[in-house]
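Biologist: I have not looked at this one before. Could you walk me through it slowly?

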Amino acid sequence: MIRKGNVYKLRQHGDPGNGMTVLVLSGEQANRETGHIVVAPIVQGRAKLFDGSITRPDVQFRGHVHHVCLDRVRNAPEHILRHGLGSLPYTEMAAVEAALCRLLEL
């Protein structure tokens, strides 16, 4: 079952060893009904470029700082989610959802 807050690697064409790391933003019911998952890439590192950016909130995942790229949200078919890497802690996912709410208010 794919749930909001889960982190996956996407299956990439031509390069089976690498794939984009993504955070699932859509809920279970929407995922089940549509067969498509709303995801946002997450990138590791503490880039000064993203500090304070409303579209790139910081989250802690596996002991490292990552940026959720809310400006690159996409719809992905379920079959390209390669394997699960875990899930964001509740407090970190709440920060992502708060950033999404701020974006939608603009």
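Biologist: How do strand 4 and strand 5 pair, and over how many bridges?

Modeller: Strand 4 (58-61) and strand 5 (64-68) pair in the antiparallel sense over four bridges, where strands are DSSP runs of E with at least two residues, helices are runs of H or I with at least four residues, and both are numbered from the N terminus. Two strands count as paired if DSSP finds at least two bridges between them. In this pair, Phe-61 stands opposite His-64 in strand 5.

Biologist: Before we go on, what kind of model is this?

Modeller: This is a predicted model, in which local features need pLDDT of at least 70 and side-chain atom pairs count only at pLDDT 80 or more, while totals for chains, interfaces and linings use all residues. Residues are numbered from 1 along each chain as its sequence is written, and side-chain values use heavy atoms, with hydrogens and water left out.

Biologist: Back to that hairpin, then. What does Arg-62 do there?

Modeller: The hairpin of strand 4 and strand 5 has two residues between the strands, and Arg-62 takes a positive phi near 55° in it, although Arg-62 is not a glycine. Arg-62 is also exposed, with a relative accessible area of 57%; exposed means over 50% relative accessible area, buried means under 20%, and partly exposed is in between, with a 1.4 Å probe and protein chains only.

Biologist: And strand 5 itself, is it enclosed or open?

Modeller: Four of the five residues of strand 5 are buried, so strand 5 is largely enclosed by the rest of the structure. Strand 5 also pairs with strand 3 in the antiparallel sense over three bridges, and there Val-43 stands opposite His-67 in strand 5.

Biologist: What does Val-68 touch, if we skip its neighbours in sequence?

Modeller: Leaving aside neighbours within four places in sequence, Val-68 is in contact (heavy atoms within 4.5 Å) with residues including Leu-23, Ala-40, Ile-42, Val-59 and Val-96. Val-68 is also one of the residues with the most contacts inside the largest nonpolar core, which has 14 residues. A nonpolar core here is a set of buried Ala, Val, Leu, Ile, Met, Phe, Trp, Tyr and Cys residues joined through side-chain atoms within 4.5 Å.

Biologist: Which elements give two or more residues to that core?

Modeller: Those elements are strand 3 (36-44), strand 4 and helix 2 (90-105), and the largest share, three residues, comes from helix 2. Apart from this core lies another one of ten residues, among them Ile-2, Val-22, Val-24 and Ile-80. As background, in soluble globular proteins nonpolar side chains tend to be buried together.

Biologist: Where do the two faces of strand 2 point, covered or uncovered?

Modeller: Both faces of strand 2 are covered, with Thr-21 and Leu-23 buried on one side and Val-22 and Val-24 buried on the other. Strand 2 pairs with strand 1 (residues 6-10) in the antiparallel sense over three bridges, and Leu-23 is the bridge partner of Val-7. Three bridges also join strand 2 to strand 3, which run antiparallel, and Val-24 has Val-39 as its bridge partner in strand 3.

Biologist: What comes after strand 2, say around Ser-26?

Modeller: Ser-26 is found in the loop between strand 2 (21-24) and helix 1 (28-34), and at 9% relative accessibility Ser-26 counts as buried. The side chain of Ser-26 makes a polar contact with the side chain of Asn-31 at 2.4 Å, and the Ser-26 side chain also reaches the backbone nitrogen of Val-38 at 3.0 Å. A polar contact is a pair of N or O atoms within 3.5 Å; within protein, one must be able to donate a hydrogen and the other to accept it, and residues adjacent in sequence count only if both atoms are side-chain atoms.

Biologist: Different topic: how many disulfides are there?

Modeller: The count comes to zero disulfides, taking a disulfide as a pair of cysteine sulfur atoms within 2.5 Å. Cys-69 is buried, with a relative accessible area of 0%, whereas Cys-101 is partly exposed, at 46%.

Biologist: Last one: what is the overall pattern along the sequence?

Modeller: The protein has two helices and seven strands, and read along the sequence they follow the pattern β-β-α-β-β-β-β-β-α. Buried residues make up 37% of the 106 residues.
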